[in-house]
Amino acid sequence: MSEQQHSPATRRCDVAVVGGSAAGLAAALQIQRQNRSVIVIDSGEPRNASAAHVHGYLGYDGEAPTELISAGRSELRRYGGEILKGRVEAVDRDPDGFWLDAVGVTIRARRVVAATGVTDELPAIEGVAHHWGETVVHCPFCHGYEVRGQRLVQIVTHPAGLHPARLFDHLSDQFTLVIRPDLDIDADDVAAFEAGGTEVLHSDVRRIIDGPDGTLEAVELTDGRHLPADAVVVTTYLRPRIEPFSELGLTPEPHPIGVADFVATGPTGETAVDGLYAAGNVIDPSQQVLAAAANGSYVGAMVAFDLATRDQATARRRSPAEAEWNARYSGDEVWSGAPNGTLVAEIVSTRPGRALDVGAGEGGDSLWLAERGWDVTATDVAQAGLDRLASKAATVGADIRCVTTDANAQHAFGDHTYDLVSLFYSAIHRTGDDRAIANIMNAVAPGGTLLMVGHAPPRSDAPTPDDGHIAQWDRAAFVGVDHVESAIRSTPGWTIVTSEVRDRPPGSSTHHHHDQDVVLRARRDDARRSLT
C-alpha cells in the first residue's frame, strides 16, 4: 500500500514489536542493543493482569507483574527503545516492509515481532471469572505453592486437565477432582488418583459459592452438593491474539496439548509471512513468564541477524533515526522557519562566535545565528533537512556548514569546539552510555555556552483529549533536558546558569499538551576537563 493510504502521522523504525509484556520487551531489548530503532506498541492488557505476583521468574519471584514490566520498560528506554501505549488494529505489507495502523499513528517497519500473547477462555461456570487469577487458578507452577495444603477442588472439563492435577494432588492432601460426566477420559488415569486416596467425583458444576465476606467458599455441583474449597483449579482454552495480522494470512493451528491454538514458526521465530516473527505465548502457550522472556530474547537476536544480513548485502549501515527524519523532511516544510524564541531571548545580546546547532533540521535557528555574524555549523541525522537548510542559506547568502551526523555516533562532532552549542526539542535517542550527551558537552569550548530547550511535562490543568489516540513519541526514550543537566551537575568545570520552566515565548507554536518549555543554559569553565 502507498503511504497516502495510511495515517499522515507516520513513524518509522527498523522493528515494530506488537505486545509489551515479557516476550515483547525482551525481543525489543535485544534488537535495540544492536543499534536498531525499535517501537513497541502495547495495549496494556497482559494475560497475567489479574495476578498479584509473578512466580518462578529467577530474580523476580514474588514481584508484582507490573514491577517486572516496569523494569523491562526502563531498560529498553535506556537504550532509546520506544514504548507507545495503544492497540494495533491492522498490519499490511508491501515489498519494502510493513504498515501498522493504530489510532492516531501509523508505523512503518522493516520487520515485525508479534508478541501479543494469548487469552484464557474460562469455563462457563458462574463465579469462575470473578475469582480468576486469585483463588481460581490453572497453573501449579504459577499458583500451586500459594494454595498448598488448602482445600482444593479441580474442575476437569477437558482430558488435558488431569495433567496438572498430579501436581496439585501432591501439593494438598485435601484435593478433590470433579470430572464432567460426559468427558472421554482415560479410566486408568482416573483410577490412579483414586488408588492414591484422592476423592474423584463425576459431576457437572453449577457455580462457585462465595462466603459472607466475598471470598470463595465452595463449589456447588448440579445435584446440589457443596464441596468446601479454599481454591479452585480449572482448565482454560488458550487462543493467540493475532487479529491484527489476519490481513497477512497469519492463522493459528491447534496445539498438541488440545486446549490451545498457536502460531507456527521456523527455527528463527519467523512465521510463514516473510519478515513477521512471533515470540512468547503466541507460539507456545505453555511458556511461563521466564520462558516467554527467554524466547523473546532469542527471537530478537534472530531479527537482528536478519537485518544485519540484509544490510550487509546492500553495504548499508544506517543511523537508527536516519530513515525517520529523512522521510519527515522529504515532503512539505515541517517547521515555521522562525528561530526558537528562547534562542533569541538568550543569545541576542551575546557576542558572535562559533556555533554548533545540533539537530538543526530545516535550519531556522542556524539561519538566524548566521545572519547575526555567527560562524555556524549545522548538524542533523537527516540529509533531507540539511539540504533544505543549505538551499535557504544559499538564497540569503549565509555561509553555513551542514554536516550529516547522528549525535550518538562516535565523535559525532569531531574535535572542534564551539562558543555556543544549541539544541531545541531534540529527538536524540538515549543510549546506555549517554554517548550523545558526552558528544554535546565535549563540543562546548572553554567559556562556551550550552543552551538546550525541551518540552515541559503537560500541566496538571492542561486539557487531555479523550479520543483514543496514542502518543506518537515516547519521551522517556529520548535524551531530555533532565538527562543533560544531571550529567553537567556531576561533571567538574561546569556552571548551571539557568534551569527553569517557562511559558513558550510569544510567536512560538503551541500545543495543548506543550505550551511550556524547560530551559537549560550552562557554561563550561574549565578547559582541562572533558566528558569521556
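**Entry 1: a sheet**

I began with a sheet and found that 3 strands form it, open, in the order β12-β13-β14, with antiparallel pairing. The model I am reading is a predicted one. I noted β12 (205-210) and β14 (226-228) as the edge strands, since each was listed as pairing on one side only. From one strand to the next, I recorded a twist that averages 25°.

I then looked up how β12 is joined to strand β13 (residues 216-221): the two pair in the antiparallel sense over 5 bridges. Which residue of β13 is the bridge partner of I208? I found V219 in that place. As background, I noted that strands of a sheet pair through backbone hydrogen bonds, either parallel or antiparallel.

**Entry 2: two helices**

I turned next to helix α1 (residues 22-32) and helix α7 (residues 289-313). Two packed helices are described by the angle between their axes and the distance between the axes. For α1 and α7, I entered an angle of about 35° and axes 7 Å apart. I recorded the crossing of α1 past α7 as right-handed.

I listed the residues that make the contact. On α1 they are A22, A23, A26, A27, Q30 and I31. On α7 they are V289, A292, A293, G296, S297, G300, A301 and V303. I sorted the contact by class and obtained 10 nonpolar and 4 polar residues, with no charged residues.

**Entry 3: enclosed space**

I searched the whole structure for cavities of 30 Å³ or more, and 3 were found. The largest cavity holds about 80 Å³ of space. Which residues lie nearest its centre? I noted R11, S37, E82, E324 and H429, out of 15 residues that line the cavity.

I also asked which elements give two or more residues to this lining, and entered β1 (10-18), β2 (38-42) and α8 (322-328). The largest share, 3 residues, comes from β1. By class, I divided the lining of the largest cavity into 8 nonpolar, 3 polar and 4 charged residues.

**Entry 4: T431**

I closed with a single residue. I located T431 in the loop between β23 (418-424) and α12 (435-442). Leaving aside neighbours within four places in sequence, I found T431 in contact with R78, Y79 and N408. I also looked up T431 against Y277: the two are 154 residues apart in sequence, and their C-alpha atoms are 25 Å apart in space.

Note on methods
Residues are numbered from 1 along each chain as its sequence is written. This is a predicted model: local features need pLDDT of at least 70, side-chain atom pairs count only at pLDDT 80 or more; totals for chains, interfaces and linings use all residues. Side-chain values use heavy atoms; hydrogens and water are left out. Axes are lines fitted to C-alpha atoms, for helices over the stretch in contact, and angles run from 0 to 180 degrees between N-to-C directions. Helices (H or I, at least four residues) and strands (E, at least two) are DSSP runs, numbered from the N terminus. A crossing is left-handed if the near helix is turned anticlockwise from the far one by less than a right angle, and right-handed if clockwise. Contact means heavy atoms within 4.5 Å. Ala, Val, Leu, Ile, Met, Phe, Trp, Tyr, Cys and Pro count as nonpolar, Asp, Glu, Lys and Arg as charged, and the others, Gly among them, as polar. Two strands pair if DSSP finds at least two bridges between them. On a 1 Å grid over the protein atoms alone, a cavity is a set of points where a 1.4 Å probe fits but cannot get out, and a pocket is an open set with protein on both sides within 12 Å along at least five of seven lines; lining residues have an atom within 4 Å of a point. Grid points are joined across faces, edges and corners, and a volume is the space filled by probe spheres set on the points.
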